[in-house]
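User: I should like to learn how to read local features in a structural model. Could we begin with the contacts of a bound ligand?

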Amino acid sequence: MRILHVAFEIFPLVKTGGLADVLGSLPPALAKRGLDVRVLLPGLPGVLDGIVGLQTVTRIGPVFGAASVTLCVGRLPDSHLPAYVIDAPFLFRRKGNPYVGPDGQDWDDNHRRFGLLGWAAAHLAAGELDPEWIPEVVHAHDWHAGLTPAYIMQNPSLSVPTVFTIHNLAFRGIFPMEYHNELDLPMRRLNPRGVEFHGNISFMKAGMVYSNRITTVSPSYAREICTPEFGCGLDGVMRDRAVDLSGILNGVDYAVWNPDDTEIAKPYSIDDLAGKKACKLDLQLEFSLSTQARGPLFAVVSRLTSQKGMDLLLAVLPELLQEGAQLVVLGTGEGELEDGFRYAASTNPDNIAVYIGYDESMSHRFMAGADILLVPSRFEPCGLTQLYALRYGTLPLVRRVGGLADTVVDVNDENLAADSATGFVFDEATRHALSSRIREACAFYCNDEAGWTKVQRNAMRQDFSWDDSAANYEQLYRSL
Ligand code: ADP
Ligand code: GLC
C-alpha cells in the first residue's frame with residue numbers, strides 16, 4: 001500500500017518541535033510493517049542538505065509566485081525512505097526558523113509557501129508529477145499541509161483518500177480572504193462550510209473539512225477538541241466530523257531516546273541506575289549548580305509559552321526553592337518568559353540555571369540528568385518530552401490534560417500499591433495546584449528513596465514505541 005506523508009518539518013533535517021519527531025519516526029515504523037511510504041517536504045536548506053542523492057523528477061515551472069519550482073526525490077538519511085522535495089528557491093531557501101523571518105514575524109508569503117506544499121501533494125496524488133509512484137492514501141500533517149485535502153477534493157478525477165492529522169489546533173493557519181486567488185481556491189469553497197473562518201481562510205479548517213479521516217495525537221485530545229474550552233473556535237467543525245475523528249497516541253523512537261545514547265555522561269539501564277547519578281552530577285557541573293542540594297533536580301525542555309504553563313512555573317519558583325530543589329531550563333519562546341527565567345537564574349545561580357536556545361544534544365543531557373521533568377501544560381495534544389523522560393527514569397510532573405493524561409500514571413497510594421505509578425499529575429492550571437504537587441514530589445524524593453527507585457523502574461519499563469500506533473494508522477488506511 002502506497003502512502004504519502006506531507007509535512008513541513010522532519011527530524012533530523014528540520015525541527016522546531018514534536019511534529020518533526022513524529023515525521024522522523026512514524027513513516028519508518030509504517031515501512032517496517034511493509035507499507036510503501038514516502039514523504040513530501042519543502043526544499044528548506046536543512047532538507048536540501050540532508051536528503052541523500054537528490055535527483056530531479058520533474059520541472060514544474062513557475063507557480064505560487066516562485067519563478068522556478070522543481071520536484072526532486074532522494075532518500076532520508078537514517079531510514080533511507082524515499083523523500084520528495086519541492087525545490088522552490090524563492091520560497092524555501094531561507095535560513096533560520098522555517099516559519100518566521102529574522103524579525104520573528106511570519107514570512108509575508110507564508111500562504112504561498114504552505115499552499116504550494118498542499119498543491120504539490122495533490123498533483124503528486126494525481127500522478128501528474130511522478131507517474132512511477134502514485135499514492136493510494138495521502139496523509140497530511142497540521143495546518144501547514146492543510147490545503148492538501150482541499151486541492152485533492154478540487155480535482156474531480158481524483159478519488160485518493162486523505163487522512164489529516166492535527167498536531168496542535170491552536171495554530172490554525174489563518175490568512176486574509178483576498179489571498180484565495182493566489183491560492184487557486186474557488187469561490188464555492190470560501191464559505192463557513194468550507195475554508196472560511198471568521199472572514200479569513202484557515203488552512204487547518206481546510207484540512208478538517210475536506211479530509212476523509214481526521215486524527216489527532218492522543219485519545220484525550222481527540223475528545224477535548226470537540227469542546228469550546230480546547231476547540232480554538234473550531235470545536236463545532238470538529239463535532240460535525242466526530243465520527244471521522246480518532247486519537248492515535250504518538251510513539252517514541254527508542255533508537256534516539258534511550259539512556260545509552262551517545263550524548264549523555266554515562267549510560268545506564270533499568271537494571272543499573274548508577275549512571276543516572278553521574279549524569280545528574282554532570283548536568284549540575286555543566287551549569288555550575290550546587291551539588292549539595294537536598295531536593296530533586298527539576299528540568300524543563302520546552303517551548304517557553306503559556307500553552308506549556310511556563311508562566312505558572314515561573315510563579316511557583318519560590319516554593320520550589322523552599323523545598324531545597326533545583327531547576328534547569330532549556331527552551332526558547334515568549335520574550336517575557338525567557339526574561340523571567342533568566343532573571344530567576346541570575347538571582348539564584350546555585351539552584352536555577354537557564355539556557356535560552358535550541359540544542360538537541362543538551363536536551364538528552366537534561367533528560368538523563370534530571371530527577372523530574374516538568375510539563376505543566378494548559379493543553380497538550382500529545383507531548384513527547386514526558387515520554388522521553390519516562391525512558392530515562394526521570395519522573396514527569398504533568399497536568400492531567402491531553403496526551404499527558406494518557407501517558408503518565410499518578411504517584412498516589414492506589415497506583416503505588418498496584419506498582420503502576422510513573423509520575424506526578426495535577427489537575428487545575430493554577431499556581432496553587434502546581435506548587436502543591438511540586439512540594440509533594442519533593443517530599444517523596446526526600447523521604448522514600450526505595451519508593452522513588454521503584455517508580456523510576458516502572459517509568460523506564462513503559463513501552464511507547466511506535467508499534468501499536470503504526471498498526472492503528474495502518475488499520476485506518478486500510479479502512480479507506
Ligand atoms: P511541542 O511539539 O508542542 O513543542 P512536544 O513535547 O511534542 O512539544 O515536542 C517537543 C520536541 O522539541 C521534543 O523533541 C523536545 O525535546 C524538543 N525541544 C523543545 N525545546 C527544545 C530546545 N530548546 N532544545 C532542544 N530540544 C527542544
Ligand atoms: C504538537 C503538540 C505536541 C505533540 C506534537 C507532535 O507540537 O503541541 O503536544 O506532541 O505536536 O504530535
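Analyst: A polar contact is a pair of N or O atoms within 3.5 Å. Please note that the model is predicted. In this model, an N or O atom in the side chain of E380 lies 2.5 Å from an oxygen atom of ligand 2. For N250, a polar side-chain atom is 2.8 Å from an oxygen atom of ligand 2. The backbone takes part as well: a polar backbone atom of P381 is 3.5 Å from an oxygen atom of the ligand. On its own, ligand 2 has 310 Å² of accessible area, and the protein covers 92% of it.

User: Which residues come nearest to ligand 2, and which helix gives the largest share of its shell?

Analyst: The surroundings of ligand 2 comprise 14 residues, of which H167, N250, E380, C382 and G383 come nearest. Helix 1 (residues 18-32) provides the largest share of the shell, with three residues. Sorted by class, the shell holds six nonpolar, six polar and two charged residues.

User: Is D87 buried or exposed, and what does its side chain contact?

Analyst: Burial is judged by relative accessible area, and a residue under 20% counts as buried. D87 has 12%, and is therefore buried. This residue belongs to strand 5 (residues 82-87). Its side chain makes a polar contact of 2.8 Å with the side chain of R93. Apart from residues up to four places away in sequence, D87 touches L48, S68, V69, T70, C72 and R93.

User: How should S420 be read, as buried or partly exposed?

Analyst: The intermediate class runs between 20% and 50%. S420 counts as partly exposed because its relative accessibility is 26%. S420 is placed in the loop between helix 16 (413-417) and strand 18 (424-426). Beyond its neighbours within four places in sequence, S420 is in contact with V409, N415 and N458. As for G393, it is 27 residues from S420 in sequence, and the two C-alpha atoms are 14 Å apart in space.

User: N458 is in helix 18. What span does helix 18 have, and which of its residues are buried?

Analyst: In general, an α-helix has 3.6 residues a turn, so residues three or four places apart point the same way. Helix 18 (residues 449-461) has 13 residues and reaches 18 Å from its first C-alpha to its last, close to the 18 Å expected at 1.5 Å a residue. Within helix 18, the buried residues include G451, W452, V455, Q456, N458, A459 and M460. N458 thus links two parts of this reading: it is buried in helix 18, and it is in contact with S420.

Key:
Residues are numbered from 1 along each chain as its sequence is written. Chains are lettered from A and ligands numbered from 1 in the order in which they are written. This is a predicted model: local features need pLDDT of at least 70, side-chain atom pairs count only at pLDDT 80 or more; totals for chains, interfaces and linings use all residues. Side-chain values use heavy atoms; hydrogens and water are left out. Helices (H or I, at least four residues) and strands (E, at least two) are DSSP runs, numbered from the N terminus. The expected span of a helix is 1.5 Å times one less than its number of residues. Buried means under 20% relative accessible area, exposed over 50%, partly exposed in between (1.4 Å probe, protein chains only). Contact means heavy atoms within 4.5 Å. A residue is near a molecule or strand if one of its heavy atoms lies within 4 Å of it. A polar contact is a pair of N or O atoms within 3.5 Å; within protein, one must be able to donate a hydrogen and the other to accept it, and residues adjacent in sequence count only if both atoms are side-chain atoms. Accessible areas come from the Shrake-Rupley method with a 1.4 Å probe; for residues, only the protein chains shown count as cover. Ala, Val, Leu, Ile, Met, Phe, Trp, Tyr, Cys and Pro count as nonpolar, Asp, Glu, Lys and Arg as charged, and the others, Gly among them, as polar.
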